[in-house]
Amino acid sequence: MCLAIPMVLVERNEFEGVAEVDGVRRQISVMFEPDVKVGDYVLVHAGYAIGQVDAEEAAKTLELLKEYSDAMVEL
């Protein structure tokens with residue numbers, strides 16, 4: 001199973017950028033999403049931006065991931 005995490009792009013140069021979620025920043029490649037801009041939400045998998053989502057969809061996905069994580073802690 002592959003999992004892509006929605007993150008907001010906070011820095012960008014030609015082929016790389018920095019994306020953030022919950023205060024955690026990661027260097028990522030934006031080669032697969034050449035039109036992405038700072039402030040856009042990207043789906044990050046294995047260090048690559050592999051798609052874009054809007055802020056509402058990103059928030060929904062992050063909330064579901066948090067609920068899953070919280071449920072796993074309770075086990």
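Let's start in helix α1 (residues 55-74): Lys60 and Glu56 both sit there, 4 residues apart, or about one turn of the helix. Their side chains meet in a salt bridge, at 3.5 Å from N to O. Keep in mind that this is a predicted model. In total, the count comes to 5 salt bridges, and here's a quick run through some of them.

**The pair in helix α1**
- Lys60 is partly exposed, with a relative accessible area of 47%.
- Its partner Glu56 is exposed, at 53% relative accessible area.

**A shared-partner network**
- Glu11, Glu20 and Arg25 are joined into one network by salt bridges that share partners.
- Within that group, Glu20 pairs up with Arg25, and their closest N and O atoms are 3.1 Å apart.
- Glu20 comes out as partly exposed, with a relative accessible area of 23%.
- Arg25 also counts as partly exposed, this time at 44% relative accessibility.

**The Lys37 and Asp40 pair**
- Lys37 forms a salt bridge with Asp40, and the closest N and O atoms are 3.8 Å apart.
- That still makes the list because a salt bridge here needs the nitrogen within 4 Å of a carboxyl oxygen.
- On the lysine side, Lys37 is exposed, with a relative accessible area of 52%.
- On the other side, Asp40 counts as buried, at 18% relative accessibility.
- Asp40 gets that label because buried means under 20% relative accessible area, while Lys37 is called exposed because the cut-off for that is over 50%.

Methods:
Residues numbered from 1 in each chain as written. Predicted model: local features only at pLDDT ≥ 70, side-chain atom pairs only at ≥ 80, totals over all residues. Heavy atoms only, no water. Buried < 20%, exposed > 50% of the residue type's maximum accessible area, 1.4 Å probe, protein only. Helix = DSSP H or I, 4+ residues; strand = E, 2+ residues; numbered from the N terminus.
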